[in-house]
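Please open the structure in the viewer and keep the selection panel at hand. The tour proceeds by selections, each followed by a description of what is found there.

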Amino acid sequence: MRVLIITLFLAISSFYCSSQIDPLLQSIIEENEVHYESVGLGGSTSDQYLRYRKLVKIASDEKLLDLTKHENPTVRCYASWGLVERNF
């Protein structure tokens, strides 16, 4: 019974994270630019960078590793940054 509960929890967690990550990735792909924390003359934080921060916060190491093989180079870059940030 315990194994069933753990398996169910992992499946639901995976689905929930995926449902959050997919729209986030779509927004990153649409912007299709790599931004760092401060951009422009005023040094403001862009929405694109905030998307990256959210991606790193919710994605597992395995998901980020998988995203390093994504067809979009911006996604690959951000996934790599996330792994480096985590000392993976």
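Begin by selecting Ile21 in this predicted model. Setting aside residues up to four places away in sequence, Ile21 touches Leu55, Ile58, Ala59 and Lys63.

Next, extend the selection to the largest nonpolar core, which has 16 residues. Ile21 is among the residues with the most contacts inside this core, together with Leu25, Ile28, Leu55, Leu64 and Leu67. The elements that each give two or more residues to the core are α1 (2–31), α2 (47–58), α3 (61–67) and α4. Which element supplies the largest share of this core? That element is α2, with five residues. In soluble globular proteins, nonpolar side chains tend to be buried together.

Now move to helix α4, which spans residues 73–85, and select Thr74 within it. Is Thr74 buried or exposed? Thr74 is buried because its relative accessible area of 5% lies under the 20% cut-off. Display its neighbours, leaving out residues up to four places away in sequence: Thr74 touches Ile28, Asn32, Glu33, Val34 and Gln48. With Asn32, the side chain of Thr74 also forms a polar contact of 3.1 Å.

Finally, select the whole chain and colour it by secondary structure. The chain contains four helices and zero strands, in the sequence pattern α-α-α-α. Of its 88 residues, 25% count as buried. Among contacts between residues at least 6 apart in sequence, 58% join residues at least 24 apart. With the surface displayed, the chain exposes about 6,200 Å², of which carbon and sulfur atoms supply 58%.

Conventions. Residues are numbered from 1 along each chain as its sequence is written. This is a predicted model: local features need pLDDT of at least 70, side-chain atom pairs count only at pLDDT 80 or more; totals for chains, interfaces and linings use all residues. Side-chain values use heavy atoms; hydrogens and water are left out. Buried means under 20% relative accessible area, exposed over 50%, partly exposed in between (1.4 Å probe, protein chains only). A polar contact is a pair of N or O atoms within 3.5 Å; within protein, one must be able to donate a hydrogen and the other to accept it, and residues adjacent in sequence count only if both atoms are side-chain atoms. Contact means heavy atoms within 4.5 Å. Accessible areas come from the Shrake-Rupley method with a 1.4 Å probe; for residues, only the protein chains shown count as cover. A nonpolar core is a set of buried Ala, Val, Leu, Ile, Met, Phe, Trp, Tyr and Cys residues joined through side-chain atoms within 4.5 Å.
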